[in-house]
Amino acid sequence: IGIVNPAVEFKVMKNFTVQMEAFGSFYTTDFLGTGKPFVLGSGSLEFRYYPRAAFSGFYVAPNVGFGVYKLNKGLVLRYTDEYKGDCYQHGSNVMAGITLGYQWNIDHHWSIEVAWGGGFQQSVYQGYRRDSKEDPYEMYVDRNASAEWLPLYKGGIFLGYRF
């Protein structure tokens, strides 16, 4: 769906790896037909523990990350009713939490991974809105901050290749 999410994972001990991940979404005006922007760039770092062996089976991983964004918070179910109309928020955030995942090795090089991560996020942003498409955006919030415990801020099904 036009979102890039490359990552690289390095073994540091028998049961431990470090993963560095980037995430990018570039929908400036219409994310999946919603008419709302979803421009986001973020990076995160995880320290993974695999009980069996690195790169195999279940893992748990504390993570930290940083992001910058221009999006309409109404895309988040919790805020759907609060951010109606033609508006967006522009800012940055930091995240810290836990990822749970499972990695299946298909062969020596290929793997499939399912992961889900959630935790705490703190953001600082400015808000902009306009009444009609002919009007310019005007700032309605000069500097605002929010902090939430999020059950999901990263996750998905990933295809991996080992060199």
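Guide: Welcome! Lys and Arg count as positive and Asp and Glu as negative, leaving out His and the chain ends. This is a predicted model, where local features need pLDDT of at least 70 and side-chain atom pairs count only at pLDDT 80 or more, while totals for chains, interfaces and linings use all residues. Residues are numbered from 1 along each chain as its sequence is written, and side-chain values use heavy atoms, without hydrogens and water.

Visitor: In which strand of the protein chain is confidence highest?
Guide: The mean pLDDT (the predictor's confidence in each residue, from 0 to 100) is 92 for the protein chain, and 99% of its residues reach 70 or more. Confidence is lowest in strand β1, residues 3-4, at a mean of 90. The highest mean, 97, belongs to residues 57-71, which form strand β5.

Visitor: How many strands are there in the protein chain?
Guide: Helices (H or I, at least four residues) and strands (E, at least two) are DSSP runs numbered from the N terminus. Reading from that end, the elements run β-β-β-β-β-β-β-β. The protein chain has zero helices, and its strands number eight.

Visitor: What percentage of the residues count as buried?
Guide: The C-alpha atoms fill a box of roughly 60 × 25 × 25 Å along the principal axes. Buried means under 20% relative accessible area, exposed over 50%, and partly exposed in between (1.4 Å probe, protein chains only). Of the 163 residues in the protein chain, the buried share is 37%.

Visitor: Which residue forms a salt bridge with Lys-154?
Guide: A salt bridge is a side-chain nitrogen of Lys or Arg within 4 Å of a carboxyl oxygen of Asp or Glu. Lys-154 counts as buried, because its relative accessibility is 14%. Its partner is also buried, at 2% relative accessible area. At 2.8 Å, N to O, Lys-154 meets Glu-46.

Visitor: How many residues apart are Lys-154 and Glu-46?
Guide: Lys-154 is in strand β8, while Glu-46 is in strand β4, residues 38-49. The pair links distant parts of the chain, and the separation is 108 residues.

Visitor: Which Arg forms a salt bridge with Glu-46?
Guide: Glu-46 belongs to a salt-bridge network that also includes Glu-9, Glu-21, Glu-113 and Lys-154. The Arg partner is buried, with a relative accessible area of 2%. Its closest N and O atoms with Glu-46 are 2.9 Å apart, and the residue is Arg-48.

Visitor: Which residue meets Arg-130 in a salt bridge?
Guide: The structure holds six salt bridges. Arg-130 is in strand β7 and its partner is in strand β6, so the pair ties together parts 44 residues apart in sequence. The side chains come to 2.5 Å, N to O, and the partner is Asp-86.

Visitor: Which strands each supply at least two residues of the nonpolar patch?
Guide: Patch residues have over 30% relative accessible area and no salt bridge; like charges are joined within 9 Å, and nonpolar side chains (Val, Leu, Ile, Met, Phe, Trp, Tyr) within 5 Å. This patch covers about 1,000 Å² (Shrake-Rupley method, 1.4 Å probe, only the protein chains shown counting as cover for residues), and its members include Trp-104, Trp-110 and Phe-163. Trp-104 is found in strand β6, residues 86-105. The strands that each give at least two residues are β7 and β8.

Visitor: What is the relative accessible area of Asp-135?
Guide: Asp-135 gathers with Asp-131, Glu-134 and Glu-138 in a surface patch of negative charge, each charge being placed at NZ of Lys, CZ of Arg, CG of Asp or CD of Glu. Asp-135 is found in the loop between β7 (110-130) and β8 (138-161). Asp-135 counts as partly exposed because its relative accessible area is 33%.
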